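Me: I would like to go through this structure slowly and ask, for each label put on a residue or strand, what stands behind it. Could you set the values against the definitions as we go?

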Amino acid sequence: MAVSACGGGVEQAGEPGGRPAITGTAPLAVRGIPSVVTLAPDVPANAAPGPVTSADTVVMDQFAMAFFPGFLVIQPGQTIEFRNSETDAAHNVRVQYLPTDSMVFNVGSAQGIPYYHTFDQPGGYYVTCDIHPAMDAAFLVTGAPFVTAADSVGAFTFAEVPPGVYVARVWSIEPELRSERTVTLGSGFQHLDLAGGPTG
Ligand SMILES: [Cu+2]
């Protein structure tokens, strides 16, 4: 099979044809915002590699009285371009950092004048428009090497995670649905039930 393992050794997880190595269940999406599952190697903090960062700017647009996309996952140090693509509507962009419930910025967004912001702090962020209370979105900043968003009913997949001991974290816009546990992944197909609480 034509799989290159980045850590050396033989990669046995996954199969030709793209069958996922790991499937699982996480909490349902809340208000259209999916749960996100991250896997990070369970190693002492001082031995952990630094977060992976991406130079790619991603776009969160405002169109038809909504944010598009309504949810993003980015890496620490990555920039989001906030854009207003309406033909005739004014909006603003208010971004709250959920771990401290603090405002990151609140700017007006006019057509043709994008606003760029680089996010370094890991965690969840909530995006709203003060003018239109029905408009909201969210994004998650994470340096975890393996990240996947669950679908609306909580199903998720990972492909090609090397065997090892990982900290599996579940993020949700709803704090009560967040959890963290240690999982041991083998080299074969595996199902993770992360839908319950931290001890379930
Ligand atoms: Cu608006």
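Reply: Let us start with one residue in this predicted model: leaving aside residues up to four places away in sequence, Val 37 touches Gly 24, Ala 26, Thr 148, Ala 150, Phe 156, Ala 168, Val 170 and Leu 194.

Me: What makes these residues contacts of Val 37?

Reply: Two residues are in contact if their C-beta atoms, placed from the backbone, lie within 7 Å, and Gly 24, Ala 26 and the others just named are the residues that Val 37 touches. Val 37 also appears with Val 127 and Ala 138 as the residues with the most contacts inside the largest nonpolar core, which has 36 residues.

Me: Which elements give two or more residues to this core, and which gives the most?

Reply: The elements that give two or more residues are β2, β6 (78-84), β7, β10, β11 (136-141), β13 and β14, and β11 gives the most, with five residues.

Me: Why is this core said to lie between domain 1 and domain 2?

Reply: Domain 1 (22-44 + 146-193) and domain 2 (58-141) both give residues to the core, so the core lies between them.

Me: Why is Asn 92 called buried?

Reply: A residue is buried if 20 or more other C-beta atoms lie within 10 Å of its own, and because Asn 92 has 20 other C-beta atoms within 10 Å, Asn 92 is buried. Asn 92 is in strand β7, and, not counting residues up to four places away in sequence, Asn 92 touches Asn 106, Val 107, Gly 108, Ser 109, Cys 129, Asp 130 and Ile 131.

Me: How far apart are Asn 92 and Cys 129 in sequence and in space?

Reply: Asn 92 and Cys 129 are 37 residues apart in sequence, and their C-alpha atoms are 5.1 Å apart in space.

Me: What makes β7 and β8 a pair of strands?

Reply: Two strands pair if at least two bridges are found between them, and β7 and β8 pair over seven bridges, in the antiparallel sense. One of the partnerships joins Gln 96 to Met 103 in β8. The two strands form a hairpin with four residues between them, and Asp 101 is in the turn.

Me: What is noted about the phi of Asp 101, and is Asp 101 buried or exposed?

Reply: Most residues other than glycine have a negative phi. The phi of Asp 101, however, is near 50 degrees, a positive value in a residue other than glycine. A residue is exposed if 12 or fewer other C-beta atoms lie within 10 Å of its own, and because Asp 101 has 8, Asp 101 is exposed.

Me: Why is Glu 160 called partly exposed?

Reply: Because Glu 160 has 17 other C-beta atoms within 10 Å, a count that falls between the 12 or fewer of an exposed residue and the 20 or more of a buried one, Glu 160 is partly exposed. Glu 160 lies in the loop between β13 (155-158) and β14 (164-171), and the phi of Glu 160 is also positive, near 55 degrees.

Me: Where is the cis peptide bond?

Reply: The cis peptide bond joins Phe 68 and Pro 69, with omega about -5 degrees, and Pro 69 is in the loop between β4 (66-68) and β5 (71-74). Most peptide bonds are trans.

Me: What makes β12 and β15 edge strands of their sheet?

Reply: Four strands form an open sheet in the order β12-β2-β14-β15, with antiparallel pairing. β12 (146-149) and β15 (179-185) each have a single partner strand, so one side of each is left without a neighbour in the sheet. The twist averages 20 degrees from one strand to the next. Four bridges join β2 (residues 36-41) to β12, and Leu 39 stands opposite Phe 146 in β12.

Me: How confident is the predictor in this protein?

Reply: The mean pLDDT of the protein is 86, and 83% of its residues reach 70 or more. Over residues 1-17, however, the pLDDT is below 50, and beyond near neighbours in sequence this stretch has 20 contacts in the model.

Notes:
Residues are numbered from 1 along each chain as its sequence is written. This is a predicted model: local features need pLDDT of at least 70, side-chain atom pairs count only at pLDDT 80 or more; totals for chains, interfaces and linings use all residues. pLDDT is the predictor's confidence in each residue, from 0 to 100. Axes are lines fitted to C-alpha atoms, for helices over the stretch in contact, and angles run from 0 to 180 degrees between N-to-C directions. A nonpolar core is a set of buried Ala, Val, Leu, Ile, Met, Phe, Trp, Tyr and Cys residues joined through C-beta atoms within 7 Å. Domain bounds come from an automatic or database domain assignment.
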